[in-house]
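Q: I would like to learn how to read a protein model feature by feature. Could we take the general idea each time, and then turn to the case at hand?

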Amino acid sequence: MRHKLTIILVSLFLQSLAQFSPQAGLPGSNAIPANSPLFKAWVQNGWISPGYIDIGDTNFTIDQTNRAHFGEIQNIFGPADGKVVSLGDKGTVTIFLNPPIYDGPGYDFAVFENGFRSLNDSALAFLELAYVEVSSDGKNFFTFPAISLTQDTAQVGPFEMLDARKIYNLAGKYISGYGTPFDLSDLTGFKDNGLDLNNISFIRIRDVGGSINPMLASYDSHGHKINDPYPTPFLSSGFDLDAIGLINIKTTTVRVFPNPTDGQIFIQSKNKIKTLIINDLQGRTVFKKSMNVNFIKIDLSNLKSGLYFCIILGDNFRAVEEIILF
Ligand SMILES: [Ca+2]
Ligand SMILES: [Ca+2]
């Protein structure tokens, strides 16, 4: 008990000292500008599950809906350009990566939002924050361990500024035009839980909400409430996703064709295919088979039309391909 208390006190002391990377443009900032040659590709797809305009008042509507609806999902495709889609309170955007990304040297990807700097203090900015989660299989997502040292006793208001030095591993830490970088090596602890850091095929951005009301709060990895501008009762409520720049991208060795398909699918792989799994968009497994081949034909014509993910597993090898069944 005493030991535990000591650990808590030491960790509180360290947190009070901790200063993370400052706002973009300040010395020592790790913000990556959109035109950096580090970016080898940009996310080109995604689907949104919009959150409430105001999670504290779900009866509040604009244009007959209580969900955020500002911007098209297409606004996140391609390089960061300031065009965004709004997630709403605790809304999500999920992105499929093909080819996957992997834990290579340094940062592996960066997330762009549309925050803006304070006119009075270059260290402060209007920021909306989101958790970042990744998955190898589209079923099990793992969240980057985030830290918010912003006080959590007085609600940050709808137009109040945040200090980036108090924010770690949350998207939206930097102003428009600068990406918040993420290093997959921060998730090494999840390797035994099914996360393959060598094959990350999905990224999910999840708005934090930002309320410090205990009924509505989101917490960081130290159990501290994440305080960000709330309420933001506008169509554009919540995190505004602009783009995701990819840094460490895998070269792919799998072909799935024809695609889209009416059901007949051929899968060709340089590595031996040992297990083949088909999951639907909700992550439910609709097909699973063991084998030991480089080439296989399967028939999915008994499935409902829609989007599926084909997961191809071999020895030290995994690929995920999107299949459109019509
Ligand atoms: Ca890395
Ligand atoms: Ca954009």
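**Reading strands, turns and domains**

A: In this predicted model, five strands form an open sheet whose order is E1-E14-E6-E17-E2, with antiparallel pairing. The edges are strand E1 (32–33) and strand E2 (41–42), each of which pairs on one side only.

Q: Within that sheet, how many bridges join strand E6 to strand E14, and which residue is the bridge partner of Ala110?

A: A pair of strands is read from its sense, its bridges and its register. Strand E6 (residues 109–112) and strand E14 (residues 178–182) pair in the antiparallel sense over four bridges, and the register can be fixed from Ala110, whose bridge partner in E14 is Pro181.

Q: Which strands pair with E15?

A: Here one follows a single strand and asks what is paired with it. E5 is joined to E15 by six bridges, and these two strands run antiparallel; in this pairing Thr92 stands opposite Arg206 of E15. Strand E9 (residues 130–135) also pairs with E15 in the antiparallel sense, over six bridges, and for Ala130 the bridge partner in E15 is Asp207.

Q: Is E15 mostly covered or mostly exposed?

A: Burial is read residue by residue and then gathered over the strand. E15 is mostly covered, since eight of its eight residues are buried.

Q: How is the chain divided into domains, and how far apart do the C-alpha centres of the domains lie?

A: One starts from the bounds, then takes the separation, and then looks at the contacts. The protein chain is divided into domain 1, which spans 18–246, and domain 2, which spans 254–325, and their C-alpha centres lie 31 Å apart. Ten residues of domain 1 are in contact with eight residues of domain 2. On the side of domain 1 that touches domain 2, the largest share, three residues, is supplied by strand E5 (residues 92–101). By residue class, that side of domain 1 divides into two nonpolar, five polar and three charged residues.

Q: Which strands does E19 pair with, and in what sense do they run?

A: Again it helps to hold one strand fixed and take its pairings in turn. Strand E19 (residues 264–280) is joined by four bridges to strand E18 (residues 254–257), and the two run antiparallel; in this pairing Val254 has Ser269 of E19 as its bridge partner. Eleven bridges join E19 to strand E20 (residues 285–299), also in an antiparallel arrangement, and there Gln268 stands opposite Phe295. With strand E21 (residues 306–314), E19 shares six bridges and again runs antiparallel, while Thr275 has Leu313 of E21 as its bridge partner.

Q: How many residues lie between the strands in the hairpins of E19, and which glycines take a positive phi there?

A: A hairpin is read from the residues between its strands and from the backbone angles in that segment. The hairpin of E18 and E19 has six residues between the strands, and Gly263 takes a positive phi near 145°. The hairpin of E19 and E20 has four residues between them, and in its turn Gly283 has a positive phi of about 85°.

Q: Where are cis peptide bonds found?

A: The angle to inspect is omega, after which one locates the proline along the chain. The peptide bond from Tyr230 to Pro231 is cis, with omega near -5°, and Pro231 has its place in the loop between strand E15 (200–207) and strand E16 (240–241). A cis peptide bond also joins Asn259 and Pro260, where omega is about 5°; Pro260 lies in the loop between E18 and E19.

Q: What is phi at Gln64 and at Lys90, and is each residue buried or exposed?

A: For such residues one reads the angle, then the location, then the surroundings. Gln64 has a positive phi of about 65° although it is not a glycine, and this residue lies in the loop between strand E3 (47–49) and strand E4 (85–86). Gln64 counts as exposed because it has 5 C-beta neighbours inside 10 Å, where the cut-off for exposed is 12 or fewer. Lys90, also a residue other than glycine, has a positive phi near 65° and lies in the loop between E4 and E5. With 22 other C-beta atoms within 10 Å, Lys90 is buried, because the cut-off for buried is 20 or more.

Notes:
Residues numbered from 1 in each chain as written. Chains lettered and ligands numbered in written order. Predicted model: local features only at pLDDT ≥ 70, side-chain atom pairs only at ≥ 80, totals over all residues. Domains from an automatic or database assignment. Contact = placed C-beta atoms within 7 Å. Nonpolar A, V, L, I, M, F, W, Y, C, P; charged D, E, K, R; others polar. Pairing = 2+ DSSP bridges.
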